[in-house]
Amino acid sequence: MDSSAGTNRTIVVAVDGSPSSQRALRWAVAQGAATGGEVHAVTAWHLPEMQGWGTVLDDVDWAENARAVLEQAVTEALPPAEAERVHRHVREGRAAVVLLDAAADADLLVVGSRGHGGFSGMLLGSVSQHLVAHAPCPVVVVRADRRAREAQPVAQVVAAPAPAVGSAG
């Protein structure tokens, strides 16, 4: 996902199948269309942590499950013509780590304000907070407008790296 290899801007979007991530995906695709950017949808997976009982997890294909979640999210969120232009990536690892790695050479990282985990009262999920604090590129957090819940998503750039000292802006 290296944007330096060509003139296209690289937009990385986190997709976990949640409504929030689908809104983020729609926003990223619209931004890509407006700027000529390539959209890379990234889904992360990792083996669940279990303590106590020794449960056999060998029969579960975690990567394939993640691929199915990503495919379903793209299909549900976008019209077919837009969906076929989205590059899909499924990576093993914790979401924040995988997304930071994917965004290393990106021009923009887009996330939803809330994923599948956590507490419903939180305004910003833990992964989104981590990405805002540590991403190497600007981060856009897409959230639903409280007054319109599912109407038009509202996006806001919440973090961007400061320009290097002495560099021309």
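Modeller: Before we start, contact here means heavy atoms within 4.5 Å, and what we have in front of us is a predicted model.

Colleague: Fine, so with that in hand, which residues is L25 in contact with, leaving aside its neighbours within four places in sequence?

Modeller: Once those neighbours within four places are set aside, L25 is in contact with V13, V15, A41, A73, V74, A77, L78 and V86.

Colleague: And which residues touch the most other members in the largest nonpolar core?

Modeller: That core has 24 residues, and the ones touching the most other members are V13, L25, L78 and V110. Two or more residues are given to this core by each of strand 1 (10–14), helix 1 (19–35), strand 2 (38–45), helix 2 (62–77), strand 4 (108–112) and strand 5 (139–144).

Colleague: Which element gives the largest share?

Modeller: Helix 2 does, with six residues. There is also a second, separate core of 16 residues, which includes L99, L100, A102 and A135. As background, nonpolar side chains in soluble globular proteins tend to be buried together.

Colleague: Let's move to helix 4, then: which of its residues are buried?

Modeller: The buried residues of helix 4 are A96, V98, L99, L100 and A102, and these pack against strand 1, strand 2, strand 3 (87–92) and helix 5.

Colleague: At what angle do helix 4 and helix 5 pack, and how far apart are their axes?

Modeller: Helix 4 (residues 95–102) and helix 5 (residues 126–134) pack at an angle of about 35°, and their axes are 9 Å apart; where helix 4 passes helix 5, the crossing is right-handed.

Colleague: Which residues meet there?

Modeller: From helix 4 there are A95, A96, L99 and L100, and they meet V127, H130, L131 and H134 of helix 5. By type, the residues of this contact divide into six nonpolar, two polar and no charged.

Colleague: Zooming out, how many helices and strands does the protein chain have, and in what pattern?

Modeller: The protein chain has five helices and six strands, and when read along the sequence they follow the pattern β-α-β-α-α-β-α-β-α-β-β.

Colleague: What percentage of the residues is buried, and how much accessible surface does the protein chain have?

Modeller: Of the 169 residues in the protein chain, 37% are buried, while the accessible surface comes to about 10100 Å², with 52% of that belonging to carbon and sulfur atoms.

Colleague: What share of the contacts with a separation of 6 or more comes from residues 24 or more positions apart?

Modeller: Residues 24 or more positions apart account for 68% of those contacts in the protein chain.

Conventions. Residues numbered from 1 in each chain as written. Predicted model: local features only at pLDDT ≥ 70, side-chain atom pairs only at ≥ 80, totals over all residues. Heavy atoms only, no water. Axes fitted to C-alpha atoms, helices over the stretch in contact; angles between N-to-C directions. Helix = DSSP H or I, 4+ residues; strand = E, 2+ residues; numbered from the N terminus. Left-handed = near helix turned anticlockwise from the far one by under 90°. Nonpolar A, V, L, I, M, F, W, Y, C, P; charged D, E, K, R; others polar. Core = buried A, V, L, I, M, F, W, Y, C linked by side-chain atoms within 4.5 Å. Buried < 20%, exposed > 50% of the residue type's maximum accessible area, 1.4 Å probe, protein only. Areas by Shrake-Rupley, 256 points an atom, 1.4 Å probe, with all protein chains shown as cover.
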